[in-house]
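Student: I've got a protein model open and I'd like to practise reading it. Can we go through it with some questions?

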Amino acid sequence: MVTGIAQKLSRHGSSIAFRVVAVGMALVIFGAVVRIVFLSSFFKDKVEDLSAGHQMSIATYVAHDIDEKFKARLDLLQRSVAAMPRRLLSDPAGLTAWLAERQDASALFSKGMAVLPLDGKGVIAEYPPVPGRSGVDNSAKDWFLAARDGRAPAIGRPARSVLSGEPVIIMAAPVPGPDGAPVAILAGGTALMAPGFLNLVQENRIGRTGGFLLVSPRDKLFVAANKPDMVLSSTPPTGVNLLHDRAMAGYRGTGITVNAAGEEELSAIASVPTPGWFIVARLPTAEAFQSVEDVRHLVAAVSAITLVVMTVLVTLIIRFILRPLSEAARRMHMMADGAIPLAPLPIRRRDEVGDLALGFNYLLGKLREQEAALRESEARMAHIAHHDALTGLPNRAMFQELLRQAIARADRNGRPFALLYIDLNGFKPINDTLGHGAGDEVLRQVARRLIGVLRSADTVARIGGDEFAILLMEQEDARAASELVARKCGDAVSAPMEVEGTCVTVGLSVGIALYPEDGLTARDLLIHADQAMYAVKRSTGALARVT
């Protein structure tokens, strides 16, 4: 019983129906895997390019916005320094009123403006008044020293205010005296969280969980972020975030990196040139590539459904489809004798397909024999029709066709060619005295010598009897080239040749026709070349060409 069951399973396992179902299932599974792998990779690359470009646009916009705000504040300082009456430096009340006018007219510094003495201790005047600011010693502050000693506007290190504790940034410019040396320092302070300053960084997100980081590489600080706890925190040490390390070194662009918290992000980095900072627009890759995951799940689900449907349908239909195979095999044996051609099938097993393949091979053998014989016959007839049987050269018909093609090519390329018409001198006595066999051998040797003179692009043909023709293709100077080749042909052919133990010599009369100078048709060129050849025969043997 066990043996019978095993035989039955083996029979079913080797059946076409089982194999087709198995192959169909394998193809569906393979197709699903290929689609998931390649589509995921393709979509991921496209989404990454699109997201990176989008983030770079946002980062560039925000960087430009921040840079313009710095420029506006520095410009206000410079304009204020230029407009400040120097006499007010000794009039604190008047200077305070003057600062109030500037601050009220352009309130760019949320913490107000102040004029400081050159020793940096206290203030000469300030507006609006801030309790305790007059007692602050600024002599060691970076922005104070940079403005005083550099004599140019300076931007300080972002820091927490010693008075209020909130994050601020100070910008300062020297107030020059009559001799150009600074006599005071004009400074303006802005809170980092002030509306209209860094609000694009602090109040906006990218996607659901992404955001911005504003970084000062000089100070190794996060100046601003959409996460308040990161403001004025130190940047990570070298080696923690490789893309951040590149940005600190000057790289600007996009990339995928792992941040200090171990989260993979797609980041875009743009410069804020005025303060020397850079902005980072970042988005977790899990969110950026969520659509790729959705596509992968969709493809997997569709493939699973397709697999189930295909398995059911193929199982139900395959037996019905395969019934005609045995009959088709028997019919193919009949087709071999007068036949309906079928596509080739290999013989891999003795089942319905094997029977079909046997019938096909029988038919194919017959067809191949017939086709081989037909091709051989056609090739032989084509060669006979276009070549001279004695020399193997193209015959007159073939040469005329080649001449027409040469005319068409010359018209297309705009380059002339030459036709040489050759007749042997002294051939008839050889034929008469030594016989036709010797004459044939002379013609064969002449043909070989002419071929040896020419380029592979040129053509020599036997026109008939002892007449030959040569096509010299695409010559820069067709006249000179044709005359040179004619002399070479004459030299080659006139050398003595041994025929049936006898040394014989022949000469050449060569007529030349140039296209398009001597004719625009094959007939005209042949006539000109033939007349030129006969002119040579009548002359002393020099080359001639009928014009």
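Student: How many residues does helix α3 have, and what length does it reach from its first C-alpha to its last?
Tutor: Bear in mind that we're looking at a predicted model. Helix α3 covers residues 92–105, which gives 14 residues. At 1.5 Å a residue you'd expect 20 Å, and the helix is close to that, with a reach of 20 Å.

Student: Which residues of α3 are buried?
Tutor: Buried here means under 20% relative accessible area. In α3 that picks out Gly94, Leu95, Trp98, Leu99, Ala100 and Gln103.

Student: Is Gln103 buried or exposed, and which backbone oxygen does its side chain reach?
Tutor: Gln103 sits in helix α3. Its relative accessible area is 8%, so it's buried. Leaving out residues up to four places away in sequence, Gln103 touches Phe109, Gly112, Met113 and Tyr127. The side chain gets to 2.7 Å from a backbone oxygen, the one of Phe109.

Student: On to the sheet. What is the order of the strands in the open sheet, and which ones stand at the edges?
Tutor: Some background: strands of a sheet pair through backbone hydrogen bonds, either parallel or antiparallel. This sheet has six strands with antiparallel pairing, in the order β9-β8-β7-β12-β11-β10. A strand with a single partner has one side left without a neighbour in the sheet, so the edge strands are β9 (233–234) and β10 (254–258).

Student: Which side chains of β10 point to one face and are buried?
Tutor: In a regular strand the side chains alternate between the two faces of the sheet. β10 does that: Thr254, Ile256 and Val258 point to one face and are not buried. Pointing to the other face, and buried, are Gly255 and Thr257.

Student: How is β10 joined to β11, and which residue in the turn has a positive phi?
Tutor: The two strands pair in the antiparallel sense over five bridges. One of the bridge partnerships puts Val258 with Glu264 of β11. Together β10 and β11 make a hairpin with five residues between them, and the turn residue with a positive phi, about 85°, is Gly262.

Student: Where is Ser267, and what is its bridge partner in β12?
Tutor: Ser267 lies in strand β11 (residues 264–272). With a relative accessible area of 4%, it counts as buried. Beyond its neighbours within four places in sequence, its contacts include Gln55, Leu243, Gly255 and Val280. In β12, Ser267 has as its bridge partner Arg282.

Student: How many bridges pair β11 with β12, and which glycine is in the turn?
Tutor: β12 covers residues 277–284 and pairs with β11 in the antiparallel sense over eight bridges. Another bridge joins Ser271 to Phe278 in β12. These strands form a hairpin with four residues between them, and the turn holds a glycine with a positive phi of about 80°, namely Gly276.

Student: How many residues of β12 are buried, and what stands opposite Leu214?
Tutor: Trp277, Ile279, Ala281 and Leu283 point one way, while Phe278, Val280, Arg282 and Pro284 point the other way, and all are buried. That gives eight of eight, so β12 is mostly covered. β12 also runs antiparallel to strand β7 (residues 211–216), with five bridges joining them. Opposite Leu214 in β12 stands Ile279.

Student: Now the rings. What kind of pair do Phe70 and Phe197 make, and which residue joins their cluster?
Tutor: The count comes to four aromatic pairs. For Phe70 and Phe197 the ring centres are 5.5 Å apart and the planes sit at 55°, so the pair is tilted. Phe70 is in helix α2 (residues 16–83) and Phe197 in the loop between β6 (182–191) and α5 (199–202), so the pair ties together parts 127 residues apart in sequence. Both belong to one aromatic cluster, along with Trp277.

Student: What kind of pair are Phe417 and Tyr515, and how many residues apart are they?
Tutor: Their ring centres are 5.1 Å apart with the planes at 20°, so this pair is stacked. Phe417 is in strand β13 (residues 417–425) and Tyr515 in strand β18 (residues 507–515), so distant parts of the chain are linked. The separation is 98 residues.

Definitions and conventions
Residues are numbered from 1 along each chain as its sequence is written. This is a predicted model: local features need pLDDT of at least 70, side-chain atom pairs count only at pLDDT 80 or more; totals for chains, interfaces and linings use all residues. Side-chain values use heavy atoms; hydrogens and water are left out. The expected span of a helix is 1.5 Å times one less than its number of residues. Buried means under 20% relative accessible area, exposed over 50%, partly exposed in between (1.4 Å probe, protein chains only). Contact means heavy atoms within 4.5 Å. A polar contact is a pair of N or O atoms within 3.5 Å; within protein, one must be able to donate a hydrogen and the other to accept it, and residues adjacent in sequence count only if both atoms are side-chain atoms. Two strands pair if DSSP finds at least two bridges between them. Rings of Phe, Tyr and Trp (its six-membered ring) pair if their centres lie within 6.5 Å; planes under 30 degrees apart count as stacked, over 60 as edge-to-face and the rest as tilted.
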